[in-house]
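Open the model in your viewer and keep the sequence panel beside it. The tour below goes stop by stop, with a selection to make at each one.

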Amino acid sequence: MISTALQQPRRLRQPRSNDPDRSIRVTLFGAHGLVKRDLLGLPDPFAVLTVDGEQTSSTSVTKKSLSPSWNQTFEINVKPSSMVAIQVFDYRKFKKRDQGFLGIINISGSEAISHAQNHKEMITKDLTMSSNNLPVYGRLIFGFSLLTEPIPAAPAATDTDTFTMSAADAAHISAANANNQGLRGVGRTGDDHLRPSTSQHPLASPSLRASASHTTLRPEPPRAAPSTSPSATSRPVSAIATDDSLPAGWERRTDPQGRAYYVDHNTRTTTWHRPQFPNQQPPRHPTSPAAAPAVNLNPPPAHTVTTSATSPTSITDIPLPTGWEERRTPEGRPYFVDHHTRTTTWVDPRRNTAAPVALPPSNTQQLGPLPSGWEMRLTSTSRVYFVDHNTRTTSWEDPRLPGAVDDNAPQYKRDYRRKVVYFRSQPKMRVLPGKVDIKVKRTRILEDSYTSVMEKTGEELKKRLIVNFDGEDGLDYGGVSREWFFLLSHEIFNPSYGLFQYSTHDNYTLQINHQSYINPDHLSYFKFIGRCLGLAIFHRRFLDAYFVPSFYKMMLGKHMSLVDLESIDADLHRSLLWMLDNDITDVLEETFTTTEDRFGELVTMELKPGGENIPVTEANKVEYVDAVVAYRISTRVKEQFSAFMSGLLELIPSDLINVFDERELELLIGGMAEIDMDDWTKFTDYRGYEKTDQVIEWFWQCIRSWPAERKSRLLQFTTGTSRVPVNGFKDLQGSDGPRRFTIEKSGDPQGLPRSHTCFNRLDLPPYQDYESLETKLIYAIEETEGFGQE
């Protein structure tokens with residue numbers, strides 16, 4: 001028995017004598033966006049088709065792809081009570097325990113027959129997880145058709161590097177299915193075997209033929225696909241009516257619930273009522289409130305939402321929400337599993353779904369993108385609603401269409417984590433193919449970085465970022481670039497260069513230096529700083545820098561208020577506040593001007609045209625205060641800030657930045673500054689050590705006794721940055737996704753600790769006493785630098 005069992009449909013078959021077999025055709029076109037579990041390699045996907053555990057076949061294998069194309073067709077015998085399972089595996093790993101499984105889709109026999117009768121030759125469904133709880137992503141593209149219809153035309157293959165599995169591997173799949181039936185309660189004889197196809201032609205795939213004693217795959221001769229696949233509407237209308245009692249052009253069909261309805265191919269409409277011949281009086285009976293199922297002979301364009309008051313879709317035609325799965329008890333009763341909350345229910349989640357919003361019969365692609373600051377979300381029942389982050393309101397109505405805000409829409413709430421997920425999922429935030437190399441010397445970090453970043457275009461900087469320090473052998477899987485951002489941020493925001501200066505409150509919050517023009521190239525450097533900030537946001541890194549609150553508001557284009565001036569000029573803020581709170585009549589003699597000291601020279605600037613001749617009075621003092629605030633915060637640094645934003649917007653669109661408010665934007669750029677030691681110890685993994693080992697207890701005792709600066713240095717030494725993600729240490733990122741802080745037992749007790757910044761790992765030798773541990777740890781983080789290879 002193999003270790004990784006193929007996941008069978010979760011329905012126990014029971015003999016039904018009145019359950020007729022139907023022969024239909026299944027076409028497996030391919031899959032898209034499969035999960036990638038290897039850091040340095042892609043899977044070799046193939047699909048396995050199973051009907052009630054008695055009919056099994058597999059596609060050819062596509063090598064090294066997350067979006068394979070198989071384009072293979074099989075014939076199966078199904079009953080309405082059957083269960084069809086389509087599973088995707090990695091050919092290189094499917095023989096190993098709990099590896100190789102890439103997803104599964106379960107389809108009932110009645111649904112498969114319905115799809116074949118309704119000519120659904122192209123269906124896309126999300127892959128779901130199985131009982132092994134391995135993460136699953138991606139979608140499967142397949143279709144059903146009747147044997148009397150032409151084989152559907154296959155889409156253009158994106159992965160042509162395919163091969164057919166050997167007989168041993170095909171038999172391996174058969175053995176897995178046989179062994180797995182005992183777990184699912186599905187009986188099967190022991191002489192099952194597979195005969196793999198020897199043809200690699202996409203349409204010459206093996207056909208599934210069920211037998212009373214065993215299942216055999218018999219390869220069929222290749223059948224050439226027609227150059228043009230005739231659609232259902234290309235048949236002569238006069239030949240459609242198979243019942244002589246129906247008028248010409250009418251057809252009688254049955255829905256998945258067994259109810260008969262009638263299709264008028266002349267007008268392309270449906271009805272529950274039997275059509276009458278001309279001049280024949282229709283029978284008098286109460287009109288059924290239910291509407292006939294809609295039959296769309298000419299499907300609308302992609303993304304078009306069509307609704308009709310007289311043509312509701314059957315609930316079985318609506319896909320389950322993402323993360324839900326339908327299963328059945330041994331008695332055949334269906335129930336539903338929510339993999340998000342790991343709960344089950346008898347209630348079909350599709351029955352709680354509210355009616356879709358009716359859109360005009362126009363393609364939604366023509367509506368264009370959502371307005372700036374708007375976001376589309378789904379409720380727990382998969383109903384679409386829209387969030388306006390500008391006004392912090394929600395609405396059922398698409399803002400691109402006329403309509404009013406619905407009071408019943410979900411209430412707005414600030415959810416930074418959800419905003420970040422939305423922000424990073426946008427197409428403009430996806431890394432482009434290829435890579436961009438940044439080569440710098442540690443002794444010339446600013447000059448070399450300026451040259452490397454400014455010589456490239458904004459589009460080039462959106463490729464995978466690879467940073468190399470001159471003379472060092474470190475490979476950048478994330479750790480090297482994190483240290484580069486850390487070191488670079490200390491240089492470009494150093495007040496000694498005259499580009500930024502500290503706020504009046506502290507010596508770490510920064511503001512633009514309005515006298516940066518002393519450097520003739522200062523605008524070019526501000527554009528470079530904007531690009532570096534955009535690089536950090538785009539590549540999910542943090543900068544070791546924090547700005548005054550008004551700087552973030554300027555990035556969002558928000559209005560400045562008096563409270564924002566406090567961090568810029570505390571004395572001026574107190575003076576203006578006193579002016580607003582008191583009557584200044586005959587007290588102050590001011591005009592709409594302000595005076596600046598420019599390197600010893602006093603310069604008077606007008607706050608408005610002719611401001612030197614406009615006195616400040618009790619009536620216009622509010623206008624004067626607003627003018628002073630605007631000038632001191634934004635007007636006098638307008639050129640520098642414009643250059644900064646021009647560099648930033650080359651990588652980050654302004655409409656995506658506006659999703660955040662100023663406090664959230666600070667977290668997006670700089671991460672979380674304060675280090676929570678309880679959170680750090682809680683989300684730490686150990687290799688070779690136990691949490692109760694003496695060395696580990698000494699380690700945490702030592703770290704807790706350190707000042708905040710040294711704790712940040714240790715974090716920077718092990719992860720490449722001194723910043724903690726917004727959600728704490730549980731969201732630390734490694735080169736291959738989320739990676740916790742890890743302490744590994746490694747090294748000579750006479751040597752120093754080592755770090756692996758790409759994997760957030762500290763190699764800690766088993767020191768014999770507390771003093772040795774603290775001394776060598778401090779020396780490692782304070783006196784060493786650079787990267788090497790093992």
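Which residues of helix H4 (residues 445-454) are buried? Select the helix and show side chains: Ile445, Leu446, Asp448, Ser449, Ser452 and Val453 are the buried ones. Look down the axis of H4 and these buried residues fall within an arc of 165°, so they line one face of the helix. Now add the elements that cover them, which include strand E22 (432-440), strand E23 (463-469), helix H5 (479-492) and H6.

Before moving on, note that this is a predicted model.

**The whole chain**

Zoom out and colour by secondary structure. The protein has 16 helices and 34 strands. Of its 790 residues, 48% are buried. Its exposed surface comes to about 39500 Å², and carbon and sulfur atoms supply 50% of that. Among contacts between residues at least 6 apart in sequence, 64% join residues at least 24 apart.

**Helix H3**

Select residues 416-425, which form helix H3. Buried here are Tyr416, Lys419, Val420, Tyr422 and Phe423. Around the axis they cover an arc of only 165°, which puts them on the same side of H3. To see their cover, add strand E19 (374-378), helix H6 (522-538), helix H11 (654-657) and helix H12 (662-670), which are among the elements packed over the buried residues of H3. H6 was also on the list of cover for the buried residues of H4.

**Cysteines**

Stay with H6 and pick out cysteine 532, which is buried at 0% relative accessibility. Cysteine 702 is buried too, with a relative accessible area of 0%. How many disulfides does the structure hold? The count comes to zero.

**Two residues with positive phi**

Next, go to arginine 540, in the loop between H6 and strand E26 (546-547). Its phi is near 60°, a positive value in a residue other than glycine. Arginine 540 is partly exposed, at 48% relative accessibility.

Then jump to asparagine 760, in the loop between strand E33 (754-756) and strand E34 (761-764). Here phi is near 55°, again positive in a residue other than glycine. Is asparagine 760 buried or exposed? Asparagine 760 is buried, with a relative accessible area of 0%.

**Salt bridges**

While at this loop, select Arg687, Glu744, Arg754, Arg761 and Asp763. A network of salt bridges links these five side chains. Over the whole structure, a search finds 28 salt bridges. Side chains of opposite charge can pair when their charged atoms come close. Three individual pairs are worth displaying with distances.

Start with glutamate 459 and lysine 462, where the closest N and O atoms are 3.6 Å apart. That pair counts as a salt bridge because the cut-off is 4 Å. Glutamate 459 is partly exposed, with a relative accessible area of 46%, whereas lysine 462 is buried at 12%.

Move to helix H8 (residues 570-581), which holds both aspartate 571 and arginine 574. Their side chains meet in a salt bridge, 2.2 Å from N to O. The two residues are three apart, about one turn of the helix. An α-helix has 3.6 residues a turn, so residues three or four places apart point the same way. Aspartate 571 is partly exposed, with 49% relative accessible area.

For the last pair, select glutamate 623 and lysine 608, whose closest N and O atoms are 2.8 Å apart in a salt bridge. Glutamate 623 lies in helix H9 (residues 621-633) and lysine 608 in the loop between strand E28 (601-606) and H9, so the pair ties together parts that are 15 residues apart in sequence. Both partners are partly exposed: glutamate 623 at 40% relative accessibility and lysine 608 at 28%.

**A nonpolar patch**

Finish at the surface. Select Tyr517, Ile518 and Phe599, which make a nonpolar surface patch of about 340 Å². Phenylalanine 599 sits in the loop between strand E27 (593-598) and E28. At 53% relative accessibility, phenylalanine 599 counts as exposed.

Definitions and conventions:
Residues are numbered from 1 along each chain as its sequence is written. This is a predicted model: local features need pLDDT of at least 70, side-chain atom pairs count only at pLDDT 80 or more; totals for chains, interfaces and linings use all residues. Side-chain values use heavy atoms; hydrogens and water are left out. Buried means under 20% relative accessible area, exposed over 50%, partly exposed in between (1.4 Å probe, protein chains only). Helices (H or I, at least four residues) and strands (E, at least two) are DSSP runs, numbered from the N terminus. Patches are made of residues with over 30% relative accessible area and no salt bridge: like charges are joined within 9 Å, nonpolar side chains (Val, Leu, Ile, Met, Phe, Trp, Tyr) within 5 Å. Accessible areas come from the Shrake-Rupley method with a 1.4 Å probe; for residues, only the protein chains shown count as cover. The arc is that of the directions from the helix axis to the C-beta atoms. Contact means heavy atoms within 4.5 Å. A disulfide is a pair of cysteine sulfur atoms within 2.5 Å.
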